[in-house]
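Thanks for making time, everyone. I would like to walk you through one model this morning, beginning with a strand and then turning to two individual residues.

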Amino acid sequence: MKSRFLLILLLLAGCGRDSGPQFAMPEFREEVRARAEIITAVDGPSYIIDYVFPTDSYLIVFKYTTLPEVPFLYVYDKRSGEPVMQNIFKGRGPADLVHVQGADFNTNTGDMLVTDGTGGFKNITYFNIYDLLADGIPRFEKKGVTNWTEYACLLDEERMLLKNDVSKFGKFNPRPRFEIYDAWDSLLATYTEFPIRDTVTNINFWLHQQARLSLSPDRKRLAVGTLLRGATLECFDIAEDDIALRWEKFLIDPAYDRQTGERNNKALSGFMDVYAADELIVTVLGDDKQDEVRSICLFDWDGQAVKRIVLEDEELDVFRVCMDSEGNIYALVKNNKDSGYLARIVETGPAPDGYRISESKIKRFSPEEDPEPSIFGVGM
């Protein structure tokens, strides 16, 4: 009788234990090969390219820069690759930006919202890309925000979605993860949850501080993929005054100890880019075996893994990605010297052996393992 009672206690204890989410790479319905048709070379190393957006005729590129003579914004003809415009420079004037932390582009209206600033100074800057292309004069509308604001999206003429920075301290976050505002002032909705429900370590700071996110063209769905040390993918429905989780997927385990916060040095990076198109979520993602060699992975808005596209050229890797209204995929690709190129991705047929990347390519692109131990840290 005593042993039976002990067994029941053990079973109950096991049922109550939080084992956390189960991480696994999905099986894609299709795995195909593709060639990268180079449109144009991009000056400077690829890692300074933060965003690539499509229009009917152009590709819009935002670069990271610290030099006042180097512009933030570049516009290229989508078909010929000819440069159309270089504009918006570093500075503190009414038509300048200081530091582009986040950028959102509405392909239907041409409206662009940029989160600008750092070190206690931050603005949300609004302008219209088509007006800028028409006369070459940046006409900015700016509004100061708290230093917690990391990313802003314009939902319509009045409403705006904000993504806030995550605190370094696991139990204390002074701002909600997401907020929706009306007329840039009246708070309509908040969302606070993370895919990994962790209040012991600051795992969510490390995973979500540089998450890639994108709004669908109709501005009603939001896709969020983590970049650093692992991969989760989330989809949200955006209503008039609400933001609700639609689904979440756990792909690459960040490999950390929930008690100590210590992470495994072999933990891998996740989504290098996420772009929300009409019918698909277009992403740049590696796998659970290596860090730097990535492919283009497509998911539908129900969370199904639709297609993985692997480049045929062993000298190129994918860095950023977007899809235009006709379903054409454009990407920033790089070589092992980190030179960047804008390219049109053209499928050439199914991958006969499934998803496979040669060891030589992995060796060329993947960095050496970091020998130094590191921790996520324990929250306060």
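Let me start with strand E20, where both faces are covered: on one side Ser295, Cys297 and Phe299 are buried, and on the other side so are Ile296, Leu298 and Asp300. Please keep in mind that what you see is a predicted model. With six of its six residues buried, E20, which spans residues 295-300, is largely enclosed by the rest of the structure.

What does E20 pair with? On the one hand there is strand E19, residues 280-285, which runs antiparallel to E20 and is joined to it by six bridges, with Leu280 standing opposite Asp300. On the other hand there is strand E21, residues 305-311, which pairs with E20 over four bridges, again in the antiparallel sense, and here Ile296 has Ile309 as its bridge partner. E20 and E21 form a hairpin with four residues between the strands, and in that hairpin Gly303 takes a positive phi near 90°.

Now to Tyr330, which lies in strand E23, residues 329-334. Its relative accessible area is 3%, which is under the 20% cut-off, and therefore Tyr330 counts as buried. Setting aside neighbours within four places in sequence, its contacts include Ile39, Leu59, Lys78 and Arg344. Leu59 is 271 residues away from Tyr330 along the chain, yet their C-alpha atoms are separated by 8.6 Å.

Finally, is His208, in helix H3 (residues 203-208), buried or exposed? At 1% relative accessibility His208 is buried, and, not counting residues up to four places away in sequence, it touches Glu150, Lys163, Val166, Arg177, Phe194, Pro195, Thr226, Thr232 and Glu234.

Methods. Residues numbered from 1 in each chain as written. Predicted model: local features only at pLDDT ≥ 70, side-chain atom pairs only at ≥ 80, totals over all residues. Heavy atoms only, no water. Helix = DSSP H or I, 4+ residues; strand = E, 2+ residues; numbered from the N terminus. Buried < 20%, exposed > 50% of the residue type's maximum accessible area, 1.4 Å probe, protein only. Contact = heavy atoms within 4.5 Å. Pairing = 2+ DSSP bridges.
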